[in-house]
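User: Please take a close look at one part of this model, a single sheet and the elements packed around it, and then set that part in the context of the chain.

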Amino acid sequence: MESNAPELGAKPRTNNRNSHSRRNQSDSANHRVVRKLPPRADNDRCNIYITSKTDFKAQQRRCEELLNSGVKEIFLHCMGYSITRGLNLALRLIKNSEGALGYTINTSTIHWWDELHPLCDEDDITFRQRNNSALHIKIFSNSLFNIDVPQLPAQPALPKVSQREPPKPHQQQQQQQPQKAKAKKQTTRSQK
Amino acid sequence: MSTQKLEYDARMGGRITLPTHVSTYRYAAGALNEIKGLIAEALSPVSSKLIFQSLPKHMRRRAMSHHPKRLPRKYRHAHKNQMSKGGNDPVIRKRPSRKYRRRPDNLLKEYVRRQRRHHWLETHIWHAKRFHMVDRWGYRLANASCDKTYRACYRASVQHCLLQDISYYTCVELQGSLESLRMGFARLTSPECGLSVTARTFLTGRREGSVDLFADSQYPRGALQRASFMWRPLEEGVTFTQDTRTLWLWLHPSAAQATVEQLQRVFLLQSRRQQTLPLEEKPAKEQKEQKEKPLRFWTQTKAFERHAHYSNTNGSIQLLVLRQEFNRFRLTGPQAQRVLASSLRAHRRDQLGVQAAQADYCEAALRLHSPNELLSNLIMGLHIRTKAESCAGAVPAGNLLLSPPECLARSPLWQREERERLARGIMSTHHYQELRQQHAVVPGVPCAFEDQMQAVPLLLIQRPGSQDPEYKRLGYGCGWDVIAPAKYGMALWLTLTMWGARPGGLRELDSVARESGGEQHLADTLAGVKLASAAAEERRARYFRLPPNKRTNYRKLAVASPFSAPWKHLVRDWQTTAATSSPAVGSYHVLRHRELLESIGDCLRLHQPLPDQVPDDCLIQIQLRLKARGHVKDNALICLPSAADYKQRWRQISRNEQAPVHMEPPQPDLNERTRKELRSDHKIKLKRLRARRVREKRRLQETATRRVHIRPANTAPLVRAHLLEMCRLWLPTDPAETSDSVRRQCSREVFGYVTTAGFSFTEATVCAVGYVTPGGLQHLLSNLKDSKGRQLQPMCLVRDPDSRDYRWATVQVNLNVAAQTF
């Protein structure tokens with residue numbers, strides 16, 4: 001039961017009624033501020049973007065299921081309001097794992113561009129830059145089985161020289177070698 | 001020769017004595033009878049002959065009885081009847097074999113025949129195999145997939161990519177001087193609804209705008225539709241204030257005709273289909289004579305005009321209706337980026353030209369995570385290679401949002417000759433496949449001949465989706481619109497679906513609009529009114545198809561208008577006494593004034609009274625969100641809660657009860673007895689009539705020698721009148737008849753109606769979009785303090801027309817009513 005307890009004390013106070021009107025007043029009368037979606041690093045399964053709207057337990061369950069399904073590391077990205085929530089989530093995950101998970105934290109600043117939409121015909125659209133702090137938490141499972149053993153570079157395959165064919169001229173062999181090196185690199189990349 | 005010849009005349013020995021004289025009156029009576037008989041014969045010829053036998057000789061044809069088509073058309077029906085009675089029916093032929101029907105030539109003929117009534121889009125056949133098709137607005141359009149894809153389409157719109165064909169939008173090209181266009185559109189639009197057509201941010205052609213169109217200087221009434229528009233970007237080396245500019249208006253087909261008529265009226269345009277031109281005479285021989293001659297004119301009529309063309313008298317303003325000239329596909333959802341990036345291969349003619357700059361920018365832009373991260377309503381031109389495979393991308397250049405290249409929106413699609421050339425030079429799929437079979441050794445690898453194929457210009461238009469995070473999740477409904485030239489629709493559509501876009505239909509347009517908390521067609525636009533009346537007809541027909549014991553008794557439920565929202569009467573009932581004296585009773589409009597809407601939203605949040613400028617006869621669009629369980633259907637009532645309801649709410653919250661907060665007490669149905677009596681009377685009357693006919697028949701049979709048939713009943717008018725009367729008795733009285741019939745129809749005061757409702761996946765509750773009157777909203781705000789002086793949240797009650805339960809719903813004013821395109 002404890003592992004599933006809802007988040008306590010980290011919920012930002014959103015029922016501040018005056019915040020909205022104040023924000024509207026701060027805009028000058030000539031434009032309307034339109035916010036855009038923040039940029040994302042990647043949109044695959046392992047990158048989880050924390051919002052303050054999503055249910056905390058749902059987020060926790062999502063992360064746990066991901067980690068249990070054999071994913072070695074997940075990234076929690078959180079920004080502004082939801083930083084506390086992201087931290088809580090990460091701590092909860094690590095606490096519940098009983099030492100099976102480790103974490104690393106990076107901070108960054110996200111540069112946003114807001115659009116200022118004009119309200120009269122004479123103006124053109126303008127932009128405003130805004131910064132927001134962000135947190136990127138990497139959670140990885142530090143069990144021994146998951147440690148990546150760096151693979152030794154494979155031996156270059158010897159060129160097949162059939163007995164029937166006459167030995168190739170020296171130039172051709174030189175040309176072939178870089179190609180094979182490339183192929184090797186590609187295979188190592190795909191293994192990673 | 002002993003022939004026995006009987007004599008006739010008595011004088012010659014016969015039996016008959018001829019009279020010596022004839023009385024005239026007897027003769028006249030006989031003649032009269034004869035004439036009567038002749039007339040009757042002429043009116044209803046009883047001929048034993050068949051129709052084709054009765055034709056004069058010169059009109060008879062061989063094998064006429066077998067082929068009704070050989071008969072004159074007016075006899076065909078009678079001929080069919082005659083032949084079918086005989087049992088040998090030559091008319092019903094066997095359907096031609098499938099093999100015959102599927103031959104390409106016959107198939108195409110069949111398609112052409114079927115397109116006579118409704119236009120088809122280019123992707124019609126693809127859709128017709130997979131979708132339920134409906135007739136709408138002169139087109140045959142895909143409504144919803146035959147598979148169960150409702151939820152899948154929602155998921156596509158929020159996480160993946162939803163693809164819809166909206167090529168039925170009519171493009172109207174307006175060409176003229178900027179000043180005259182500005183003056184004209186000032187009469188059709190209003191600055192209160194947002195930016196006008198000639199706003200500076202749109203004039204460069206960098207962004208697509210949308211504007212609410214009204215009938216000529218009738219704002220706020222006479223709403224036509226919301227139209228999106230784009231200006232043709234200026235070519236290089238032309239100053240900003242060039243005289244003639246070109247504008248594309250994208251009109252919804254439901255109101256396209258009306259809008260074009262309004263444009264004609266505003267810009268004084270005339271059709272160029274038929275025009276009188278001065279007669280060009282040969283160079284004059286004698287100057288004197290020509291001066292004396294009056295100018296002569298001739299009328300030029302174009303037999304076929306591909307696009308309707310209008311212009312004013314001196315030709316300075318031109319209007320061209322480009323119907324079915326473009327394909328417009330709508331992609332919704334963040335994955336639209338990937339779908340587009342992988343399906344469109346940019347074509348670069350040279351490394352440092354317009355095309356290269358556009359291609360670089362496009363590729364970089366499509367690599368972002370969501371379309372919302374780009375400039376909202378951005379227009380991008382792009383040349384793509386048709387049917388080609390992938391190639392390496394370019395380096396993204398700088399900040400995409402701030403520094404798009406100047407030439408980004410340019411596209412040869414604006415030029416008519418270019419479009420014609422594109423349509424002419426298209427390579428058929430068959431030919432392309434043949435070439436590939438010859439050239440491609442490895443499947444899926446680009447061939448050399450593909451570089452020689454013509455590049456297709458496209459226009460990509462960004463749609464920002466939701467921009468108000470307080471109203472709806474930021475970026476919901478964002479995506480791209482792709483405009484492709486005619487004839488390339490199918491190829492593009494197949495490519496997009498191949499890369500994982502989920503195709504949707506008209507139903508998805510509505511559901512995306514509802515999920516984003518708005519409506520596609522507002523209640524006062526032409527399309528909205530038409531759709532509402534069609535839906536009301538449908539509901540009414542369904543109601544009377546049900547057996548009487550399955551019909552909801554709306555009189556018992558105290559519902560005044562069960563099938564449609566009576567906006568006129570709602571507005572009439574909520575008008576204050578001062579305003580009722582004004583002549584414009586029975587008109588209403590949706591409030592689109594952005595500042596007023598914002599102040600109303602502020603008032604709702606801060607519990608202040610509404611501003612005074614809000615007109616009395618307007619409707620305010622709101623989004624309702626149900627607080628607890630319950631479901632809302634279209635056309636539900638929005639009611640004002642009473643103080644007791646607030647108390648009941650607290651009680652229910654403390655007891656964790658889920659029951660409806662209030663139940664409408666059932667009203668007595670005064671017509672029930674009348675209906676029963678009417679029904680029994682009607683039955684008795686029909687029986688009596690039948691008994692009378694039976695008696696008549698028996699009486700005739702006593703004296704007749706032949707078999708007597710019973711007289712036909714001929715009671716159809718009687719039955720129809722009875723049905724009408726019954727319908728009238730079933731339905732509640734028309735709200736037009738009595739005053740206050742809508743506002744005080746039930747135990748809670750009604751101040752609005754729901755237009756679209758359903759379960760919203762974005763909000764995870766039942767949501768509805770409806771319209772309320774400002775008077776009702778004012779009432780709601782003024783009664784927000786309970787007996788202990790506590791502030792209450794502004795909420796209203798919602799009730800389905802066929803239910804007695806009132807449920808709580810929160811109210812939120814939609815600020816983006818005007819100029820919102822989904």
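Analyst: In this predicted model, six strands of chain B form an open sheet in the order β14-β15-β16-β13-β3-β17, and the pairing within this sheet is mixed. The edges are held by β14 (379-384) and β17 (502-503) of chain B, each of which has a single partner strand, so one side of each is left without a neighbour in the sheet. At the β14 edge, β14(B) pairs with strand β15 (residues 456-463) of chain B in the antiparallel sense, and six bridges connect the two. Within this pairing, B:Met380 stands opposite B:Leu460 in β15(B).

A helix also belongs to the picture: α16 (residues 489-498) of chain B lies across β3 (162-165), β13 (326-332), β16 (479-485) and β17 of chain B, and runs at about 15 degrees to β13(B). The UniProt record, an unreviewed entry, carries the annotation "domain: POPLD" over residues 479-567 of chain B. Over residues 479-567 of chain B the chain is 51% helix and 10% strand, with the end C-alpha atoms 34 Å apart.

The domain assignment gives domain 2 of chain B as three segments, 121-167 + 325-425 + 450-516, while domain 3 of chain B is given as 170-275 + 301-322.

For a second sheet in chain B, one may turn to the open sheet of seven strands with the order β5-β6-β7-β4-β12-β11-β8, where the pairing is antiparallel. Its edge strands are β5 (209-214) and β8 (270-271) of chain B, each pairing on one side only. Inside this sheet, strand β4 (residues 170-177) of chain B is joined by five bridges to strand β12 (residues 318-322) of chain B, the two running antiparallel, and B:Leu174 stands opposite B:Leu319 in β12(B). Helix α10 (residues 253-267) of chain B lies across β4, β5, β6 (223-231), β7 (244-251), β11 (309-311) and β12 of chain B, at about 80 degrees to β6(B).

As for the chain as a whole, chain B has 26 helices and 25 strands. Its radius of gyration is 36 Å, well over the 28 Å that the globule rule gives for 822 residues, so chain B is more spread out than a compact globule. The C-alpha trace of chain B spans about 130 × 95 × 75 Å along its principal axes, and the C-alpha centres of domain 1 and domain 4 of chain B lie 66 Å apart. Of the 822 residues of chain B, 35% count as buried.

How values were computed. Residues numbered from 1 in each chain as written. Chains lettered and ligands numbered in written order. Predicted model: local features only at pLDDT ≥ 70, side-chain atom pairs only at ≥ 80, totals over all residues. Pairing = 2+ DSSP bridges. Helix = DSSP H or I, 4+ residues; strand = E, 2+ residues; numbered from the N terminus. Contact = placed C-beta atoms within 7 Å. Axes fitted to C-alpha atoms, helices over the stretch in contact; angles between N-to-C directions. UniProt positions renumbered as here; feature names shortened; annotations may be inferred. Domains from an automatic or database assignment. Rg over C-alpha atoms; globule rule 2.2 N^0.38 Å. Buried ≥ 20, exposed ≤ 12 C-beta atoms within 10 Å, placed from the backbone.
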